[in-house]
Amino acid sequence: MSHAFHSSDASALRPSACPGLLRIVPALDGGICRVKLAGGELSAMQALAIANVIDEHASGIVDITNRANLQLRGVKRGHEDALVAALLDAGLGPQNTGHAFADDVRNVMTSPVAGRDANALFDTTVLTRDLLTLLQSDTRFAALSPKFSLMLDGGERLMMLDHPHDIWFSALPHPERSDVLFAFGLAGCPPVVAEHESAFAAVAASDLATFARALVHTFLDLAAPDDTRMRDLLTAHSAQSIVTHAERKSGVHVLRDASIQHWRREPADASRRLGAHRQNDGERRHVGAQPALGRMTSATLRGLAELARGNERATLRMTPWQSVLLTDIDTTNLDATLHTLEALGLATTADHPLTRVIACAGSTGCAKSHADTKADALKLAAHVPDPTQVHLSGCPRSCAAAHRAPYTLLAVADGHYDLYHTHDPRDPNGFGRCIARGLTIDEAADVLQASALPPTDEPFDA
Ligand code: SF4
C-alpha cells in the first residue's frame, strides 16, 4: 500500500530531535520510532503488527513510555521506510489527519481506565478524542513544541496526577451545578493537598474543547520566539492575562469562585494499575500488569494480542506507569487472564519486586547514560523493600519518569549512583535531597533496606 507519509516527512517539516513514527532518531542500539497511541489504546491487530514489525525491522523490543506511548528500539539501518509503511498499514500514526505534523503533537494524558472507572465523575473518552483531533488538525499547532502537553482528568481513581502539563483539566463536582465542570490550570498538575497550587478557574464540560483550543492559540499569540512551554510564557505574562485572552478569543464563560479555589482533587491510587478491579458496570473487571522496566518483547506483544482477542469486548491499553491494562474482562475469564499475564512474565501484584523499579534506556541504548540502568535496576529490584519505589536514571534528563519517585539513583559512573530522596512526587527541586553519593548497586540496596536513612543533612561519600 502506498502512503502519503514517509520517514523523512516529519523531519523535513520541523527540526525536532524527538522521535515520532515518521521521525526515526538514531540511538546507540539503532533507531528509535515512537508510536503515539490515543488514550494509550492499541488494538489486538495493531499489537500483532508491531510484534511483526519489530522482529523484521528492529531489535524485537518495545518500551512503554511514561506518556503511555510505545517506543520501538533498535530500528535497523535501511529498514526505516519499510517499518513506517507497515505501521501506517496497521492504522497507526498520523494518516487519518492528513497532516504529518500530527505525528509530533503530544498525546492528551488521560486515565488508562477512562470510561471504565467506577469512581470517575466524567467519561472523558469522547472529549479526549475531540481534543486530540483538534490538536492534530489545526495547522497553526505545527508551531508547538512536541513536548507541549495537555491532561484531561475525569476524576478516576487510577490517574497519573503528578506529571506536569502545559494545560490541565480535572473534573470538579460543584455544589451548585448539575453538570460537571472542569477545573483547569497552567504549567502544573491538579491540586491534591492543601499545599498544592489551586486550580485557576473552571469551564463547563461542553465548553472544554473550544476553550482548550483558545488557550493553545493564546499561547502561540503571546509566546516569544524562545518560549516553548507554558511555564516560559508565565515568566512574562500572568495566568490571569493568559486566561482572559483565551476567554475573549473563545467566547467561553470561565467560572471563578471560592469553591474552585478551595477544591482539591481526590487522591489517585496507582496500585490499581495492577491486578483486577471492578468496572463502572459493576460486572466486568479491568486487569493490569507490569512488564519488567516497561519493556516488552514481540512474544509479549503477541501474548497480549491473544488475550485481547480471547476476551470479547476487551481493549488493550498502555499506561503512564509503563504497564499494560486490559479492560472489560468477564469474571469467568479473570483467573485465566491473570494467569496468562503472569506466564508472559508480567507482574500483577504490588508485592512483586519488578513493580518497585523503573529505569531509563541506560548505556546500552543512550550515549548520555553513565551506567547500564536497566541491568542495574533488575539487579536491585529484589532488594528494594516494599513499598519503596526507586527510579534509576542514566543522566539528569529523567526520561523514565516525569514525576519524582521517592528514591532516585542518578548514575555518575558505570555501576555508581548518587541517591536522592523526596516525599513530594512534584518536588520543584528535581530529584529531591541527595542522601548518598557514588553508591554501587549493592550499597544502594543496603541504604534502601535500612530505610532509617542517615540522620544527617550532609551527603556522605560511600
Ligand atoms: S535519562 Fe539520560 S541517559 Fe537515560 S535515556 Fe534519558 S537522556 Fe539517556
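Contact, as the word is used on this tour, means heavy atoms within 4.5 Å. The structure on display is a predicted model.

**First stop: helix H10 and the sheet beneath the selection**

Select residues 334-343, which form helix H10. This helix lies across strands E11, E12 (285-289) and E15, and its direction is at about 15 degrees to that of E12. Now add the sheet to which these strands belong. It is an open sheet of 5 strands, ordered E3-E14-E15-E12-E11, with antiparallel pairing. Its edges are E3 (41-42) and E11 (275-278), each of which pairs on one side only. Within the sheet, colour E14 (residues 316-318) and E15 (residues 324-329): 3 bridges link these two strands in the antiparallel sense. Arg317 stands opposite Leu325 in E15.

**Second stop: helices H2 and H9**

Select residues 44-57 for helix H2 and residues 298-310 for helix H9; their axes are 8 Å apart and the packing angle is about 165 degrees. Because angles over 145 degrees count as roughly antiparallel, H2 is roughly antiparallel to H9. The crossing of the two helices is left-handed. To see the contact from the H2 side, show Ala44, Ala47, Leu48, Ile50, Ala51, Asn52, Ile54 and Asp55. From H9, show Ser298, Leu301, Arg302, Ala305, Ala308 and Arg309. Coloured by class, the residues of this contact divide into 9 nonpolar, 2 polar and 3 charged.

**Third stop: the mixed sheet and helix H5**

Move next to the open sheet whose 5 strands follow the order E6-E7-E8-E9-E10, where the pairing is mixed. Strands E6 (108-109) and E10 (201-204) form the edges, each pairing on one side only. Select E8 (residues 165-172) together with E9 (residues 181-188): these strands run antiparallel and are joined by 7 bridges. One position to label is Ser170, which stands opposite Ala183 in E9. Then display helix H5, which lies across E7 (150-153), E8, E9 and E10 and runs at about 160 degrees to E8.

**Fourth stop: helices H4 and H5**

Keep H5 (residues 208-222) selected and add helix H4 (residues 125-137); the two axes come within 10 Å and cross at roughly 30 degrees. That angle makes H4 roughly parallel to H5. The crossing is right-handed. On the H4 side, the contact is made by Leu127, Leu131, Leu134 and Leu135. H5 contributes Leu208, Ala209, Ala212, Arg213 and Val216. By class, this contact has 8 nonpolar residues, no polar residues and 1 charged residue.

**Fifth stop: helices H11 and H12**

Select residues 373-381 for helix H11 and residues 441-449 for helix H12, whose axes come within 10 Å and cross at roughly 45 degrees. H11 and H12 are therefore oblique to each other. Their crossing is right-handed. Show Asp376, Lys379 and Leu380 of H11 with Ile441, Asp442, Ala444, Ala445 and Leu448 of H12 to display the contact. Its residues comprise 5 nonpolar, no polar and 3 charged.

**Last stop: the ligand**

Centre the view on the ligand. Which residues surround the ligand? Select Cys360, Ala361, Cys366, Lys368 and Ser369, then Ser393, Gly394, Cys395, Arg397, Ser398 and Cys399. Colouring the shell by class shows 5 nonpolar, 4 polar and 2 charged residues around the ligand.

Key. Residues numbered from 1 in each chain as written. Predicted model: local features only at pLDDT ≥ 70, side-chain atom pairs only at ≥ 80, totals over all residues. Heavy atoms only, no water. Near = heavy atom within 4 Å. Nonpolar A, V, L, I, M, F, W, Y, C, P; charged D, E, K, R; others polar. Axes fitted to C-alpha atoms, helices over the stretch in contact; angles between N-to-C directions. Helix = DSSP H or I, 4+ residues; strand = E, 2+ residues; numbered from the N terminus. Parallel < 35°, antiparallel > 145°, perpendicular 65-115°, else oblique. Left-handed = near helix turned anticlockwise from the far one by under 90°. Pairing = 2+ DSSP bridges.
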